[in-house]
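Good morning, and thank you for making time for this. Please have the sequence and the model open while I talk.

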Amino acid sequence: MKNSNNIPRLKLCFYFFIFLGVSFLSQAQDFNNYQNIQSNGNIPEDFLTLSSSKYQSDQKRIAGDESKFEKKTKRQFYLESNFMINELLLNGKVLYNDPLGNYVNKVLDELLKNKAGLRKSIRAYVVLSPIVNAYATDNGTLFINIGLLAKLKTEAQLAFVLGHELTHYEKEHVLNRYVHNEKLVKGKITFGGSEVESQLFLKTSYAKEQEMEADLNGVDLILSTSYNPLAGVQVMQILGSLHPFEARTHEYAKLVNPEAEVNFAYKPIFLDSIHEKEVSEEEHLTHPALATRIDKINQKIGANGLGKKDFVAPEQDFLTMTKQAQFELSKLYLLKGNYISALYAAHQLLQDYPESTYLKDILCKAYYLCAKSEQDIERKLTLVDMVYQYKDIQYIYEHLSQMEPAQLNALALMAFMKYSPKPSADIRFRDLLADYKNNYAEDTASYVVAVQNHLKQYPDVQATLAKIPKKGKDIKPKNGKDDKKKVIDNIIVIDPRYKKFDLRKKKQAQYIASEKSLINYHEQIATTAKLLRVQAPVLSPIEMKPTDVQKFQELSVLKNYVEEVFTNGNDIIATDYEKVNQICAKYKSSHIALIGTYTFHMKKPLGFKIGAIVWTGIVFPTLPFGIYYATVPSYRTYNYVMVVNTLDQSIAYKDIAELKFKDSKGAVNASLYYQLLKMRGKK
Amino acid sequence: MKYFIYLMLCFTGFYSAFAQVPGYRGKKIMIKVNAKGMPIIGALLGRENYFDLNARYSVGADVVLSKSVTAGVSIEQVNDIITLEKYGNYSKSGYNGLGKYETQANFYGYNFGANLKFFTHKTSGSIAPFGRFFIVEYVYSDIDVSDDGSFYASGKKDLNHFGAHSLVLGLGSQKVLFNRITFEANVKAGLNSYGIHSFAKTEKLLVQDEVYRASTSKMGTDFLLTVGIGIGFLAF
């Protein structure tokens, strides 16, 4: 007999499994159609508050009973520190309200659940940087690089890293180190030996003391929670490892031979021992040796680590977070021009996510960068140092560095054929084809011939190849005469700069005056552009409101783009080329402008001063001019305008004007107007 | 009406010819007032007091011709007194007698100037009309020397009338304040051509040589070294 009561239960179970399945699928789909993480919600106050305002409020933290020297040093520290932190926050690489940052903040909540007061004063942000690092500032801002997040294995390890950085904040390590170093410079602390040696020793030993204190306090903090304190030891071991990926053979070798797909025999090369190097140079380092740190942490933990957890939140959340960090890392390598690490990372991740369009796109871009960069010997050499630090990656480098440009071009074309959904529609593929047609079509190397034969099987590729003009490129001409005649009347000005320095003083940067001038500078740019009928929207944090999150993201993309173009060269199509041109299209422009002013006050040579007074004294009615000349400082002001054409990545206009007088409003206006007039060209 | 149209056409032509000239934020024409003085020089070379500033005032206009060059015109009023030496009867401090004595004459007229200023773009980054400049100036002086009543007993007024050409070189600096106001300071040195071109309407009198000597000496010292300031308005 049929039990009718079981039907709803079965239905329920069915729905539950469907839900579970969809959940898992959606999890997998996230990475297969991965999108780069980005900032969300309103822009935090940290980003929009002027450095000078932060400095004003920080000055109140200086106690009245401190010595004059300490007060002065601390004021200088708060000044430098606030401007440096703002520079960092606004460099386009710091994210807010992003998935990784949100996760880090959740761990902070757990870590500081018994310290509500401290929690309120801490803000943690994730930085788009491949470098394995995290750092604390004196004002409670913690920065954690993606490079570090990608390497962590447990939530407890992240908690230890945060605990370590929190100690730096709580104990005011950065401030104390600054004061300590200033005392050394002023000779208020000495330690035998030569002055330089003494200073170096005292500086590094003080820094090491602080690092050890941060480690041990981090352990204390962990012990007060449910997290496993052994995470401290694990973090140290992770810091000693070289990259976040497990050593596995991957698809790279298969690409090398498109016909046979044989494995490439890596040629082992000499690897400098990082461990030995670290020990031998320990006295010059600001951090203690890893082995020493591990010993101290182990002693501190003793038997207290038993029964503690590696994960407090669901483990899946952590795994998703680190995987996202690793996905981001592969792109960050590309932006830095480190295509070998990008290749390695993307190939490794592709084994777990073979359908990931994101990773395939990264691979195409990395092989493209590899083919284009290898033509530049100088750039190739600079990569060597970077690559040799990574044991596994050096094999790829070793192989690629032995390939001829024609082979690299063929390899990149093969990568596009394998990974790109529609190679012919890809601008990078067309650029490679143009190189191939103009430079390598006659090459008889077996690998190149094999690729040629392979390409012949694809009619659309052949059609694209036929359309490419001989000795030309598919993208617009670069730095050609035609560009000079073009009218540039629509630019996007990104993050204008204004810096003042007084070279007569020991602390030369004039932070507050620079910021004040920068605020006026925005208005000067806008007015000048208006006078010349140049459309020049300015994307700058100074002018943003908390709700301008989209503008903030656009600014980050454009800044990273410009940095990449300057790093990799403008003959290589940038990683975010398409995204940048979408943003530019929104502003109805195809030009990004970098505009800035740097001004320096300098001492006049004594001989000049005396000479002026003597000469004007001889023709004595002009003596007031001589006295004026001798008493005022010498000035140099530099205004620069650089415009990047985002369509062909060429430098459409560049000019640096040197003015031998003060950066008065009139001087800056006159120079800026002339530069923008030249930039605009004839109408 | 016809002249007005010609004027407008010239003006439009002028503007389109200099469309790519930066000026100061596009402004290329300045109207100016200037003041200059010749401190001490008059006392060294002529019969003037040490602290006689000999201030002169002028009005003028400058137009920006290119990135580094402006052209200007000015008209300056000359209204001074020169000292003449006379031989004859005089009365001083209760003494009456015959001999040499000093009397004064009015030195009045206009200096018409035309100048070119070269802003040192390559060496100092100046962009006309902002920054440091060298100036080359031509000045035509149209001067009347007249008796204040103490030279001629007859009541005759005119002593001399002459014109002179001067070439002046100098250097200076010009700032722009509030985007509209220009402020200029300069030092100039020039030579006056009184020996080449002068004329007198007066009759050949015994006194003419003295008037000529005193007038030309005044002209010479006036141009030898001057220090000036100017305030202008960037009109359009």
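I will go through chain A, then the place where the chains meet, and then a patch on chain B.

Before anything else, please keep in mind that what you are looking at is a predicted model.

Let me start with chain A as a whole, in which there are 30 helices and 10 strands. Of the 683 residues in chain A, 52% are buried, and the chain exposes about 32,500 Å², with carbon and sulfur atoms supplying 56% of that area. If we take the contacts in chain A between residues at least 6 apart in sequence, we find that 76% of them join residues at least 24 apart.

To make this concrete, let us look at one residue, A:H591, which is found in strand 8 of chain A, residues 591–602. Is A:H591 buried or exposed? A:H591 counts as buried, because its relative accessibility is 11% and the cut-off for buried is under 20%. Leaving aside residues up to four places away in sequence, A:H591 touches A:I488, A:N490, A:I491 and A:I492, and also A:V643, A:V644, A:N645, A:T646 and A:A652.

Now to the place where the two chains meet. The size of an interface is often given as the accessible area lost when the parts come together. For chain A and chain B, the area buried between them is about 2,100 Å², and 68% of it lies on carbon and sulfur atoms. Which elements of chain A each supply at least two residues of the side that touches chain B? They are helix 25 (511–531), strand 10 (651–659) and helix 30 (665–680), and the largest share, 10 residues, comes from helix 30 of chain A. In terms of contacts, 26 residues of chain A meet 26 residues of chain B. The count of salt bridges between chain A and chain B is zero, whereas nine residue pairs are found in polar contact across this interface.

Finally, chain B carries a nonpolar patch on its surface, with about 990 Å² of accessible area together, and its members include B:V33, B:V59, B:Y108, B:F112 and B:I231. Strand 4 (95–119) and strand 8 (226–234) of chain B are the elements that give two or more residues to this patch, and strand 4 provides the largest share, three residues. One member, B:V59, is found in strand 2 of chain B, residues 56–64. Because its relative accessible area is 45%, B:V59 is partly exposed.

Definitions and conventions
Residues are numbered from 1 along each chain as its sequence is written. Chains are lettered from A and ligands numbered from 1 in the order in which they are written. This is a predicted model: local features need pLDDT of at least 70, side-chain atom pairs count only at pLDDT 80 or more; totals for chains, interfaces and linings use all residues. Side-chain values use heavy atoms; hydrogens and water are left out. Helices (H or I, at least four residues) and strands (E, at least two) are DSSP runs, numbered from the N terminus. Buried means under 20% relative accessible area, exposed over 50%, partly exposed in between (1.4 Å probe, protein chains only). Contact means heavy atoms within 4.5 Å. Accessible areas come from the Shrake-Rupley method with a 1.4 Å probe; for residues, only the protein chains shown count as cover. Patches are made of residues with over 30% relative accessible area and no salt bridge: like charges are joined within 9 Å, nonpolar side chains (Val, Leu, Ile, Met, Phe, Trp, Tyr) within 5 Å. A salt bridge is a side-chain nitrogen of Lys or Arg within 4 Å of a carboxyl oxygen of Asp or Glu. Buried area is the accessible area (1.4 Å probe) that two parts lose on being put together, summed over both. A polar contact is a pair of N or O atoms within 3.5 Å; within protein, one must be able to donate a hydrogen and the other to accept it, and residues adjacent in sequence count only if both atoms are side-chain atoms.
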